[in-house]
Amino acid sequence: MSQEYTIAVLPGDGIGPEVTAEAVKVLRVVETRLGLKLNLNEKPVGGAGYEATGHPLPGETLEAAKEADAVLLGAVGGPQWETIDFSLRPERALLGLRSELNLFANLRPAKVFRALTEASTLKPEVVEGLDILVVRELTGGIYFGEPRGVVTLQGGERRGTNTLVYTESEIVRIAKVAFDVALKRNKKVCSVDKANVLEATGLWREVVTDLHKKEFSGVELSHMYVDNAAMQLVRNPKQFDVIVTTNMFGDILSDEASMLTGSIGMLPSASLGGKTAMYEPIHGSAPDIAGKDMANPLATILSVGMMFKYSLDREDVNTALENVVESILEAGYRTKDIMSKGMKEVGCKEMGDLVVQALEKKL
Ligand SMILES: NC(=O)C1=CN([C@@H]2O[C@H](COP(=O)(O)OP(=O)(O)OC[C@H]3O[C@@H](n4cnc5c(N)ncnc54)[C@H](O)[C@@H]3O)[C@@H](O)[C@H]2O)C=CC1
Ligand SMILES: CC(C)CC(=O)C(=O)O
Ligand SMILES: [Mg+2]
C-alpha cells in the first residue's frame with residue numbers, strides 16, 4: 001500500500017498562484033518517484049477567498065486546512081483590497097489560519113546557496129556559508145493583541161490601537177522550540193526583544209533567561225535589542241545561528257535576512273505547533289510582478305522541502321531539493337530578482353521546470 005497524504009493547497013493572490021503552481025509540479029514529481037499518493041485539495045484564500053465567498057478565509061478553506069496532513073500556501077493580499085474593512089482583508093486569512101491551526105512557531109531559514117554569494121547585498125566574504133534560522137513567534141504579540149482597531153474620538157479625530165501582549169506560557173513554548181532546534185544545530189540562540197522599553201518583551205527576556213537556566217544551560221544564550229539586531233544582521237550576520245523573537249520582530253528581521261541570501265524569493269518557511277503544519281514562502285503577493293512570469297518560485301519550492309522534512313517524515317526529500325536548487329544555481333540559471341552579469345535569466349515557470357527535471361534525476 002502506498003502512503004497517502006492530503007495536502008491543502010491555498011495559492012492565494014498576486015504571484016501566489018504562480019509560485020504555488022511550480023511547487024505543485026515538484027510535489028507531483030516526488031509523488032511519482034516515491035510512489036506516494038498525494039491528494040491535493042486546492043481552495044481559495046485571501047483576496048481570492050474574499051472574491052469567491054465574501055470572506056478571506058472561507059469555512060471550506062479552513063476545514064480543508066484542518067483536515068489535511070499539511071498546508072501549502074502561496075501568498076495573499078493586493079492593492080484592490082487595501083481599502084476594505086480590516087477584518088475582511090486578505091492578510092487576516094493568514095492570521096486566522098495560523099491561530100486556528102495553532103501554528104505558534106514559524107521557522108525561517110536564511111541559508112546562502114554557494115552560487116548566490118555574489119547575489120547578496122553584502123560582500124561575499126560576509127555571507128559565504130551563512131546559515132541562520134529565525135524562529136518567529138506566530139500566534140501572539142502585536143498582530144493578535146486586544147484591544148485593536150480604529151475609533152473616532154470626541155471632536156472627530158481618529159485613534160488607531162494595536163496591543164503587544166505575551167503570556168509566560170506563550171514565551172516558554174516558542175523559546176523551547178528555539179532551544180530544541182539549537183541543540184540540533186550549533187547550540188547558540190540569540191533572543192531578540194525590545195526589553196528596554198516594552199514591558200511585554202521585558203517579560204520575554206526574563207522568561208527566556210529562566211527557561212535557559214532551568215532546562216537548556218547547554219545552549220549558549222544571548223539577548224539583543226531589535227534595533228541592534230537589525231544592524232548586526234547586515235554588519236556581521238555570521239555571529240548568529242538561531243534567532244528567537246516576537247511575531248512582528250521576526251516578520252521584519254526575516255525579510256531583512258532574506259536579502260543576505262540574494263532575494264526574498266529564496267526564503268521558505270514552516271509554521272509548526274498544531275496537528276497540521278503550514279508551509280509558505282516568506283514573501284507576499286508581489287503585485288508589482290504578478291502575472292508576468294517573473295516571480296522566483298524557489299522559496300515556495302523549498303517550502304515543499306520543509307513540508308517533507310517536518311510533516312511527511314522524508315527529510316531526504318528536503319535535502320534532495322536543496323541540492324537540486326544549488327545545482328541549478330551553479331549552472332547559472334537565475335530569475336530576475338537574483339540575476340547577475342553572465343547568468344542565464346529564466347522565468348518562474350522555467351525555473352520550476354528546471355527543478356522538476358533535476359529532481360527527476362535525483363530521486
Ligand atoms: N505571507 C503573505 O501572504 C504576505 C502577504 N503580504 C501582502 O503582499 C502584498 C505586497 O506586499 P509587499 O510589502 O510588497 O511585499 P512582497 O513580499 O509581496 O514584495 C516585496 C518586494 O519583493 C519582491 N518579491 C516578493 N516575492 C518575490 C519573488 N518570489 N520573486 C521575486 N521578487 C519577489 C516584490 O516584487 C516586491 O518588490 C501586500 O498586500 C501584503 O499585505 C506581504 C507579506 C507576506
Ligand atoms: C499578514 C502578515 C503578518 C504576513 C507577513 O508579512 C508574514 O507573515 O511574513
Ligand atoms: Mg512578512
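Strand 6, which spans residues 145-152, is hardly covered in this predicted model, for none of its eight residues counts as buried. The partner of strand 6 is strand 7 (residues 158-163), to which it is joined by five bridges in an antiparallel arrangement. Within this pairing, G149 stands opposite T161 of strand 7. The two strands, strand 6 and strand 7, form a hairpin in which five residues lie between them, and G155 in the turn has a positive phi of about 100°.

The chain to which this hairpin belongs contains twelve helices and 14 strands. Buried residues account for 48% of its 363 residues, a proportion that may be set beside the absence of buried residues from strand 6. The radius of gyration of the chain is 20 Å, which agrees with the value near 21 Å that would be expected of a compact globule of 363 residues. Taken along the principal axes, the box filled by the C-alpha atoms is roughly 60 × 50 × 45 Å.

Confidence in the prediction can be stated both for the chain and for the complex. The mean pLDDT of the chain is 97, and 100% of its residues reach 70 or more. Among the elements of the chain, helix 5 (residues 124-127) has the lowest confidence, with a mean of 96, whereas strand 10 (residues 242-245) has the highest, at 99. For the complex, the predictor gives an ipTM of 0.99 and a pTM of 0.98.

Two ligand surroundings were examined. Around ligand 1 there are 22 residues, of which G77, G265, H283, G284 and N296 come nearest. By class, this shell around ligand 1 consists of eleven nonpolar, seven polar and four charged residues. Ligand 2, in turn, is surrounded by E91, L94, Y143, D251 and I282, and the shell around ligand 2 divides into three nonpolar and two charged residues, with no polar residue.

One residue of the shell around ligand 2, D251, also appears in the database annotation, since an unreviewed UniProt entry lists D227, D251 and D255 under "binding site". D251 is placed in helix 9 (residues 247-260), and it counts as partly exposed because it has 19 C-beta neighbours inside 10 Å, where 20 or more would be required for a buried residue. D227, by contrast, is placed in helix 8 (residues 226-235), and with 12 C-beta neighbours inside 10 Å D227 counts as exposed.

A further "binding site" listing in the unreviewed UniProt entry comprises R98, R108, R136 and D227. These positions are spread over 130 residues of sequence and are also spread in space, with up to 26.4 Å between C-alpha atoms. R98 is found in helix 4 (residues 90-100), and, having 21 C-beta neighbours inside 10 Å, R98 counts as buried. Within this listing, therefore, a buried position, R98, is recorded together with an exposed one, D227, and D227 is named in the listing with D251 and D255 as well.

Conventions
Residues numbered from 1 in each chain as written. Chains lettered and ligands numbered in written order. Predicted model: local features only at pLDDT ≥ 70, side-chain atom pairs only at ≥ 80, totals over all residues. Near = placed C-beta within 6 Å. Nonpolar A, V, L, I, M, F, W, Y, C, P; charged D, E, K, R; others polar. Helix = DSSP H or I, 4+ residues; strand = E, 2+ residues; numbered from the N terminus. Pairing = 2+ DSSP bridges. UniProt positions renumbered as here; feature names shortened; annotations may be inferred. pLDDT = per-residue confidence, 0-100. Rg over C-alpha atoms; globule rule 2.2 N^0.38 Å.
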